[in-house]
Amino acid sequence: MGYGIRLYFLAIAAFLLTSFGASAQRLFDNIIQINGVTMTADSLRAVPNVTILVKNQNRGVESGNMGVFSLVCYKGDTLEFTCLGFRSKEFVVSKDLKGQYFSLIQLMVQDTFYLPETIIRPLPQKGQFDYAFSHWRIPDDKYEMARKNTDALMLRALAYTLPRDGREAQAVYQSQQWHDAVYYGQMKPMNILNPLAWAEFYEAWKRGDYRRQNLPIDNSNY
């Protein structure tokens, strides 16, 4: 019985080693080293400092002074070529490539871009500089604009003028529902029996808040 168990475990170990070896061999066959050079499409001149990235992998290299580069990736990956003054290019490494080495010549096409207009003026005189320093209003930078927008008084004024958003309206509605739910099944209290309300009414009556005011009568419509 012990001999049979040993043979069983030896067979499992041999199967695992064979499977691991086959998987490692497939992984090794899927790795490829790409040696290449980046050149201009019109004159075949070397393009230095081209950034070659493996798409969605956050790794890559940069071509040298003669445009030469070397990169290790997997078959099926996509290479992105970017350089200032040239259009971006993509190259898809085929999964059907044989071996672990591949040579590539990537042609880069020059890109035309336009800079904004620049106006050069002579230096101002001393009097002009003094006037500008005293009277010109320099627009606020982003930091000053952010400081003004987050000022406490500004936020308070905006809170009074802006309408409520959905969350605030829902909070007010739920608060009203909670207040009404307190008196479900019973009558709400009436201020006619509230002594504090009667005291406030008495003080207002003594101050003369309820006296009839003599307002001018408009007889223009008669």
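I began at Val50 in this predicted model, and, leaving aside residues up to four places away in sequence, I found that Val50 touches Thr38, Val61, Glu62, Ser63, Phe81, Thr82, Cys83 and Met108.

I then looked up the largest nonpolar core, which has 16 residues, and noted that Val50 is among the members touching the most others, together with Ile34, Ile52, Cys73, Leu79 and Phe81. Two or more residues of this core come from each of β1 (31–40), β2 (51–54), β4 (68–74), β5 (78–83) and β7 (101–108). I added a reminder to myself that in soluble globular proteins nonpolar side chains tend to be buried together.

Next I turned to the salt bridges, of which the structure holds 6, and I looked up three pairs, beginning with Arg87 and Asp111, whose closest N and O atoms are 3.9 Å apart. Arg87 lies in strand β6 (residues 86–92) and Asp111 in the loop between β7 and α2 (126–135), so this pair ties together parts that are 24 residues apart in sequence. I recorded Arg87 as partly exposed, at 48% relative accessible area, and Asp111 as partly exposed too, at 34%.

In helix α2 I found Asp130 and Lys126, which are 4 residues apart and thus separated by about one helical turn, with their side chains meeting in a salt bridge at 3.2 Å, N to O. Here Asp130 is partly exposed at 34% relative accessibility, whereas Lys126 is exposed at 65%.

My last entry concerns helix α3 (residues 142–149), where Arg147 and Glu144 are 3 residues apart, about one helical turn, and their side chains form a salt bridge at 2.5 Å, N to O. Arg147 counts as partly exposed at 43% relative accessibility, and Glu144 is partly exposed at 21%.

Notes:
Residues numbered from 1 in each chain as written. Predicted model: local features only at pLDDT ≥ 70, side-chain atom pairs only at ≥ 80, totals over all residues. Heavy atoms only, no water. Core = buried A, V, L, I, M, F, W, Y, C linked by side-chain atoms within 4.5 Å. Buried < 20%, exposed > 50% of the residue type's maximum accessible area, 1.4 Å probe, protein only. Contact = heavy atoms within 4.5 Å. Salt bridge = Lys/Arg side-chain N within 4 Å of Asp/Glu carboxyl O.
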